[in-house]
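I opened a fresh page for this entry and put the sequence and the model beside it. My notes follow in the order in which I looked things up.

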Amino acid sequence: MLQRGFALARVVQRRPNWIVAERAQPFALLAIGWVLCFALPGVGAAQDDEGEDQEVEEVVVMHAIAIAPAGQAPDKDAPPEFLKSLVNAEISFIKRVCEPTDDQMKEIIAAATQAYQATGDIVREPNQQFFAANAVRMMGPGNEQLNENPYDRIRSDAAKYLKPIISKEQYARYETESQQRSDFERAAVVGIIVGLVDDKIPMTDPQREQMAEMLMQDVDHRGYDLQSIQVYLNNSQYLPRLPGEVVREVFNEKQAEAWNSQNSNVSFAARFNADQQMSIDEEWIE
Amino acid sequence: MKQFVMAWCCLLASATTAPAQNFQIDINQFDSWIFSGMGDAKLAREKLADRAEMEIDRIGFSTSLLDSQIAKLRFAAKGDIKRFYDDVEEAHRQFHTMQEAGKIGQENINDVYQLASPLAQRLNAGIFDEESLLKKVARVCVVGEQAERLRARQKRQIKLQSDAAITLFVATLGRRLPMTQVQRETLMEIAMTNITLPDPTHQYAQYLLMYELSELPQGKLKEIFDETQYQTLKKVYTQGLGMKANLKRMGMLDDE
């Protein structure tokens with residue numbers, strides 16, 4: 001069985017590892033070619049969200065192509081291992097915010113374990129993979145494409161299983177803290193987007209403020225996330241997609257023209273890789 | 001880059017089916033490695049001219065410019081564009097020299113790529129950086145009160161960018177080290193008071209922040225977090241400390 005192992009890399013700033021792999025295996029080359037089937041030419045179309053017929057350029061760089069011996073296919077319903085550390089981190093968050101009793105904690109862990117066991121559906125079937133212009137696809141650490149943002153999934157699961165376990169007052173605290181955390185993360189994403197745009201298309205202070213305000217209401221629907229937005233920090237020639245309304249209302253004519261000339265019709269893939277070594281040392285579910 | 005990947009794959013794939021057959025890279029392929037981020041050489045020239053106008057606008061946001069100053073800035077920007085295309089020409093010359101010597105085959109692909117890659121990087125990073133003629137002329141021709149306003153705006157911009165980078169860092173940290181709103185606010189306050197990144201948009205800014213975490217008053221950090229959280233924080237800044245030599249090498253940290 002050919003196991004395709006490709007990963008997103010910093011496309012421009014860093015020399016890809018595979019360039020030096022001059023004596024690559026023939027199968028590996030076929031696999032590279034397979035990946036590049038996704039690469040379509042795309043230049044210079046407007047990059048707000050109204051251009052439906054845009055051509056898309058897929059920016060995917062492979063670190064390595066591994067050829068693995070034939071083995072058992074992974075169980076598609078099995079919960080992805082990398083989500084476990086996210087679940088553990090969420091329980092640590094609950095512990096600090098809700099201050100549950102020991103008995104409540106036991107129930108929370110049991111419910112979280114059950115919710116974790118049902119997360120197999122987050123991995124997209126290989127034949128349902130997709131990419132779209134200026135969108136960031138979410139991938140797991142094994143390059144499996146994900147149906148949804150794993151943090152959103154773990155948090156929405158927690159909001160469901162917590163309610164019957166803890167008191168109303170504790171749950172209200174969780175909701176408030178959870179909302180504040182999301183708002184903070186959203187503000188971080190918006191701050192990065194505005195900074196990236198301003199770097200290429202200089203804006204006045206009121207324009208930046210207006211853009212930030214509008215994006216705070218909208219950015220969640222774009223699929224941008226703390227981790228996925230960072231692919232743009234490492235690929236500075238590309239800019240994240242902006243809603244058409246933001247382009248129309250914030251930019252003047254000259255800026256809008258410059259925006260439309262940006263060569264940003266790319267589809268990035270961001271890999272969610274839970275770094276357990278750097279995470280809090282609390283293992284609630286095994 | 002995409003074109004480079006394509007070419008490389010095709011070249012290698014053909015090598016597997018016809019080992020004896022050598023391949024060649026032509027000048028169009030070479031140019032596509034340089035200009036793919038902006039379409040092609042012609043489009044890039046137009047976009048650079050637009051970018052220059054925008055950079056002049058950026059200066060104009062701080063202080064209104066006289067026509068004579070705008071003319072000088074435009075002239076300087078043309079110089080930057082010319083300097084870039086002169087370097088492209090020089091790369092072309094070296095490419096043709098290699099071509100004439102028969103050194104653009106499979107075994108030399110890395111060498112050829114190394115000719116194009118720095119130019120592509122310069123183009124993608126933006127040629128109107130602080131070392132550009134445009135910025136140098138701006139520093140000279142904008143004087144007195146105008147210069148003060150310009151400097152004040154630049155300083156404010158860096159502070160804004162630095163705060164955005166710190167916010168990103170703390171938000172990302174919160175996913176490894178879950179914290180309450182009070183803890184997050186206090187950490188932000190300590191970080192924003194004590195840290196201003198010299199180059200917040202640098203690719204390694206987040207690593208610098210990991211390092212800077214170790215420089216923050218640890219007593220205050222211990223007051224914010226419980227022991228388990230603090231140990232996680234230590235793991236993060238220990239990784240930052242491990243990057244110290246690299247950060248210095250890249251000029252992001254001063255030698256003591």
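Against which elements do the buried residues of α4(A) pack? I found that they pack against α2 (83–98), α3 (102–117), β4 (136–139) and α5 (168–200) of chain A, together with α7 (144–176) of chain B.

Before going on I noted that this is a predicted model, in which local features need pLDDT of at least 70 and side-chain atom pairs count only at pLDDT 80 or more, while totals for chains, interfaces and linings use all residues. Residues are numbered from 1 along each chain as its sequence is written, chains are lettered from A and ligands numbered from 1 in the order in which they are written, and side-chain values use heavy atoms, with hydrogens and water left out.

**Helix α4 of chain A.** I looked up helix α4 (residues 150–162), where helices (H or I, at least four residues) and strands (E, at least two) are DSSP runs numbered from the N terminus. Its 13 residues reach 18 Å from first C-alpha to last, close to the 18 Å expected at 1.5 Å a residue, the expected span being 1.5 Å times one less than the number of residues. Among its buried residues are Arg153(A), Arg155(A) and Asp157(A), as well as Ile154(A) and Leu162(A); buried means under 20% relative accessible area with a 1.4 Å probe, protein chains only. At the start of the helix, a side-chain oxygen of Asn149(A) comes to within 2.8 Å of the backbone nitrogen of Tyr151(A).

**Chain B overall.** I then counted twelve helices and zero strands in chain B, and buried residues make up 49% of its 256 residues. Of the contacts (heavy atoms within 4.5 Å) between residues at least 6 apart in sequence, 74% join residues at least 24 apart.

**Helices α2 and α5 of chain B.** These helices, residues 27–35 and 109–125, pack at an angle of about 40 degrees with their axes 7 Å apart, the axes being lines fitted to C-alpha atoms over the stretch in contact and the angles running from 0 to 180 degrees between N-to-C directions. On the α2(B) side I listed Phe30(B), Trp33(B), Ile34(B) and Phe35(B), and on the α5(B) side residues including Tyr113(B) and Leu119(B). By class, the contact has twelve nonpolar, no polar and no charged residues.

**Gln206 of chain B.** Is Gln206(B) buried or exposed? Gln206(B), in helix α9 (residues 205–215), is buried, because its relative accessible area is 19%. A polar atom of its side chain lies 3.2 Å from the backbone oxygen of Ala165(B). Leaving aside neighbours within four places in sequence, Gln206(B) is in contact with Ala165(B), Leu168(B) and Phe169(B).

Technical notes:
Buried means under 20% relative accessible area, exposed over 50%, partly exposed in between (1.4 Å probe, protein chains only). Ala, Val, Leu, Ile, Met, Phe, Trp, Tyr, Cys and Pro count as nonpolar, Asp, Glu, Lys and Arg as charged, and the others, Gly among them, as polar. A polar contact is a pair of N or O atoms within 3.5 Å; within protein, one must be able to donate a hydrogen and the other to accept it, and residues adjacent in sequence count only if both atoms are side-chain atoms.
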